[in-house]
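Me: I should like a close look at a single part of this model, taken slowly enough for a first-year student to follow. Please explain how that part is placed and then how it fits into the rest of the protein.

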Amino acid sequence: VCDWALPPYEFLDDRGNPAGYNIDILDKILKEMNLKHTFILKENPQIKELFIKKEADLYVAPSSWLSVNDCYMSENILNYYKVKIAMQKDVPAIRSIKDISPNKKVVLRENGMITIHSISEQALHLNIQYHAPMEALSGVSSGKYDYFIWGEEPLKWKIKELNIENLKIHELNISIQEIHIGGHDKELIDAIDDQYARLEQRGALELIRDKW
C-alpha cells in the first residue's frame with residue numbers, strides 16, 4: 001500500500017497509474033523475486049489502517065512509525081524525508097517552527113502523516129489548517145496563508161508542477177526521517193533486503209534514483 005499523492009516517492013500519475021521512486025524500487029525488487037504484487041494507492045490514514053489490519057503485506061513508512069507497530073522493518077533505508085517550509089520569497093526566513101507567530105496562518109497537507117508526526121510537539125502554539133497541496137501552495141502564493149510545511153522533495157515537485165514562481169523553500173530544524181519498507185513477514189523483509197543489496201551492487205537502483 002502506498003500514498004496516492006506524495007511525489008516523487010509515491011503518487012498516481014496523469015493516467016491514474018502508480019508512479020514514483022518507491023513504486024519503481026519495490027516493483028523492481030519484487031519482480032526480481034518473482035513475486036506477484038499489486039500497488040494500492042490511497043490516503044495515508046487508509047493505507048496505514050489496511051496495513052495494521054494485515055490486509056496489506058508491505059508499507060513504506062518512517063522508522064519511527066514502523067518500530068512501534070507489529071511489523072518487521074527493512075535494514076536498508078529506501079530514502080529520506082526532510083520536512084521544510086514554503087513561503088513567499090520576500091518573507092523573512094523561518095528557522096524553527098517555534099519561531100512562527102501564533103497569528104500566522106500555517107497549512108499542513110491534509111492527511112500528510114509524516115509531516116504531522118514530525119512537527120507535532122513543536123507546533124502546539126499554532127492554529128494549523130489542513131488542505132491539499134494545490135490549495136495550500138496556491139494560498140501561500142496569493143497571500144491567503146503564510147506558510148506551508150511539507151516534505152522537501154514533494155514541495156519542489158508540486159511548486160514546479162503548478163508553475164509557481166514567487167515561493168521559496170527553507171530549512172527547518174527538524175530531524176530527517178529514515179524511510180524503510182515494513183512488512184508482517186520477517187522472511188519476506190529479509191529477502192527484500194537481500195535483493196535490494198544485489199540490485200544495489202548491479203547499479204540497478206542508481207538508475208531508478210537518476211530517473212526520479
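Reply: A definition is needed before any position can be described: helices and strands are runs assigned by DSSP, at least four residues long for a helix and at least two for a strand, and they are numbered from the N terminus. A loop is named below by the elements on either side of it. The structure is a predicted model, and the part chosen for the close look is helix α6, residues 152-162.

The wider setting comes first. The protein contains eight helices and 14 strands. Its C-alpha trace spans about 55 × 35 × 30 Å along the principal axes. A compact globule of 212 residues would have a radius of gyration near 17 Å, and the value for this protein is 18 Å, which agrees. Of the 212 residues, 46% are buried, a term that stands for a relative accessible area under 20%. Among contacts with a separation of 6 or more, 73% join residues that are 24 or more positions apart.

Within this setting, the buried residues of α6 are Glu152, Pro154, Leu155, Lys158 and Ile159. Viewed down the helix axis, these buried residues fall within an arc of 160 degrees, so they line one face of α6. What does this face pack against? The buried residues of α6 pack against helix α5 (133-142) and against the strands β2 (5-6), β8 (79-81), β9 (83-88), β12 (147-151) and β13 (167-170).

The helix also takes part in an open space. The largest pocket has a volume of about 380 Å³. Its lining is made up of 17 residues, and the closest to the pocket centre are Trp4, Ala5, Pro7, Lys158 and Glu161. Three elements give two or more residues to this lining, namely β3 (10-12), α5 and α6. Which of the elements gives the most to the lining of the largest pocket? It is α6, with three residues. Lys158 therefore appears twice in this account, as one of the residues on the buried face of the helix and as one of the residues closest to the centre of the pocket. By class, the pocket lining divides into 10 nonpolar and seven charged residues, with no polar ones.

Pro7, another of the residues closest to the pocket centre, has a notable backbone feature. Pro7 and Pro8 are joined by a cis peptide bond, with omega about 5 degrees. Pro8 lies in the loop between β2 and β3.

The end of the helix may now be considered. α6 is followed by Asn163, which lies in the loop between α6 and β13. Asn163 has a positive phi of about 55 degrees although it is not a glycine. Is Asn163 buried or exposed? Its relative accessible area is 59%, so Asn163 counts as exposed, the cut-off being over 50%. A positive phi in a residue other than glycine is also found at Lys54, where the angle is near 65 degrees. Lys54 lies in the loop between α2 (44-52) and β6 (58-62).

One of the packing partners of α6 is β9, and the loop between β9 and β10 (106-109) can be followed through two of its residues, one of them Lys104. Lys89 is also found in this loop between β9 and β10. Lys89 is exposed because its relative accessible area is 51%. Leaving aside residues up to four places away in sequence, Lys89 touches Glu165, Asn166, Leu167 and Lys168. Lys104, at 32% relative accessibility, counts as partly exposed. With the same sequence neighbours set aside, Lys104 touches Asp146 and Tyr147.

Finally, the model has an enclosed space as well as its pocket. The count comes to one cavity of 30 Å³ or more, and the largest cavity has a volume of about 40 Å³. Among the residues that line the cavity are Asp3, Leu6, Tyr81 and Trp150. Helix α4 (residues 113-119) supplies the largest share of this lining, three residues. The cavity lining has five nonpolar, four polar and two charged residues.

In summary, α6 turns one buried face toward its packing partners because its buried residues fall within a limited arc, and α6 gives the most to the lining of the largest pocket.

Definitions and conventions
Residues are numbered from 1 along each chain as its sequence is written. This is a predicted model: local features need pLDDT of at least 70, side-chain atom pairs count only at pLDDT 80 or more; totals for chains, interfaces and linings use all residues. Side-chain values use heavy atoms; hydrogens and water are left out. Buried means under 20% relative accessible area, exposed over 50%, partly exposed in between (1.4 Å probe, protein chains only). The arc is that of the directions from the helix axis to the C-beta atoms. Contact means heavy atoms within 4.5 Å. On a 1 Å grid over the protein atoms alone, a cavity is a set of points where a 1.4 Å probe fits but cannot get out, and a pocket is an open set with protein on both sides within 12 Å along at least five of seven lines; lining residues have an atom within 4 Å of a point. Grid points are joined across faces, edges and corners, and a volume is the space filled by probe spheres set on the points. Ala, Val, Leu, Ile, Met, Phe, Trp, Tyr, Cys and Pro count as nonpolar, Asp, Glu, Lys and Arg as charged, and the others, Gly among them, as polar. The radius of gyration is taken over C-alpha atoms; the globule rule is 2.2 Å times the number of residues to the power 0.38.
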